[in-house]
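The exercises below concern one protein model. Work through each task with the sequence and structure in view, then compare with the solution.

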Amino acid sequence: VFQGTGAECRKGIVFDAPESVFAAFASVEEFCRQSLDAQSLWCSSLRPSERYPATLKAKINVAGDRTAKFYNEANEPADPPTNWRRLPCNAAVQLRGCYVQKQSVGMLFEVSHLQYGSEPTEVDEVSPF
């Protein structure tokens with residue numbers, strides 16, 4: 001979380017999105033952008049693939065009223081992961097709505113369910129000295 005402590009209940013999450021998933025979200029986003037007539041102020045939750053894979057930004061609640069449900073590789077209920085970086089996962093993402101502010105307009109995506117694989121292990125760096 002930007003300028004956060006790490007203890008926040010609602011966190012930002014970014015997924016690498018396969019092209020088919022990216023295209024589906026892009027068509028929904030384009031429909032909303034046209035409907036809201038917000039071409040110049042639009043703040044996209046999608047980043048197309050260029051040097052890196054395409055991505056989708058969303059929010060995830062790890063505590064509180066709308067806490068996401070977590071599942072392990074065997075599809076059994078699990079605790080939230082401890083290490084989120086580069087975590088292989090499947091996610092159910094909901095469109096919670098659109099926001100309109102003075103400087104930007106965009107969509108609010110939220111993760112409701114997350115199935116994750118083995119957490120990546122930290123590689124111990126060897127000192128070059």
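**Exercise 1.** Which residue in β7 stands opposite lysine 59, and in which sense do β4 and β7 run?

Solution. The model is a predicted one.
- Step 1: lysine 59 stands opposite glutamate 110 in β7.
- Step 2: isoleucine 60 has valine 111 in β7 as its bridge partner.
- Step 3: β4 and β7 run parallel and are joined by 2 bridges.

**Exercise 2.** Find the other pairings of β4 (55-61), and decide whether this strand is enclosed or open.

Solution.
- Step 1: β1 (residues 10-16) pairs with β4 in the antiparallel sense over 7 bridges. Within this pairing, valine 14 is placed opposite lysine 57.
- Step 2: β3 and β4 also run antiparallel, joined by 2 bridges. Here arginine 47 has threonine 55 as its bridge partner.
- Step 3: of the 7 residues of β4, 5 are buried, so the strand is largely enclosed by the rest of the structure.

**Exercise 3.** List further pairings of β7 (residues 105-116) and state how many of its residues are buried.

Solution.
- Step 1: β2 and β7 run parallel with 2 bridges between them. Cysteine 43 stands opposite glycine 106.
- Step 2: β5 (residues 69-71) pairs with β7 in the parallel sense, over 3 bridges. Lysine 69 has histidine 113 as its bridge partner.
- Step 3: β6 pairs with β7 in the antiparallel sense over 11 bridges, and a hairpin of 4 residues connects β6 to β7. In β7, glycine 106 is the bridge partner of tyrosine 99.
- Step 4: 9 of the 12 residues of β7 are buried, and the strand is mostly covered.

**Exercise 4.** Is serine 112 buried or exposed, and what does this residue contact?

Solution.
- Step 1: serine 112 belongs to strand β7.
- Step 2: the cut-off for a buried residue is under 20% relative accessible area. Serine 112 has 15% relative accessibility and therefore counts as buried.
- Step 3: its side chain makes a polar contact with the side chain of histidine 113, at 3.0 Å.
- Step 4: apart from neighbours within four places in sequence, serine 112 is in contact with Ala68, Lys69, Ala92 and Gln94.

**Exercise 5.** What span is expected for helix α1 (residues 19-36), and where on α1 do the buried residues lie?

Solution.
- Step 1: at 1.5 Å a residue, the 18 residues of α1 should span 26 Å. The end C-alpha atoms are 25 Å apart, which agrees.
- Step 2: Phe22, Phe25, Glu29, Cys32 and Arg33 are the buried residues of α1. They lie on the same side of α1, because they cover an arc of only 100 degrees around the axis.
- Step 3: the general rule is that an α-helix has 3.6 residues a turn, so residues three or four places apart point the same way.
- Step 4: the buried residues of α1 pack against several strands, including β2 (42-43), β4 and β7. The face turned away from the buried side carries exposed Ser20 and Phe31.
- Step 5: aspartate 37 follows α1 and has a positive phi, near 50 degrees.

**Exercise 6.** How many helices and strands does the protein have, and in what order do they run?

Solution.
- Step 1: the protein has 1 helix and 7 strands.
- Step 2: from the N terminus the order is β-α-β-β-β-β-β-β.
- Step 3: of the 129 residues, 27% are buried.
- Step 4: among contacts between residues at least 6 apart in sequence, 65% join residues at least 24 apart.

Notes. Residues numbered from 1 in each chain as written. Predicted model: local features only at pLDDT ≥ 70, side-chain atom pairs only at ≥ 80, totals over all residues. Heavy atoms only, no water. Buried < 20%, exposed > 50% of the residue type's maximum accessible area, 1.4 Å probe, protein only. Contact = heavy atoms within 4.5 Å. Polar contact = N/O pair within 3.5 Å; in protein donor to acceptor, adjacent residues only side chain to side chain. Expected span 1.5 Å × (residues − 1). Arc of directions from axis to C-beta. Pairing = 2+ DSSP bridges.
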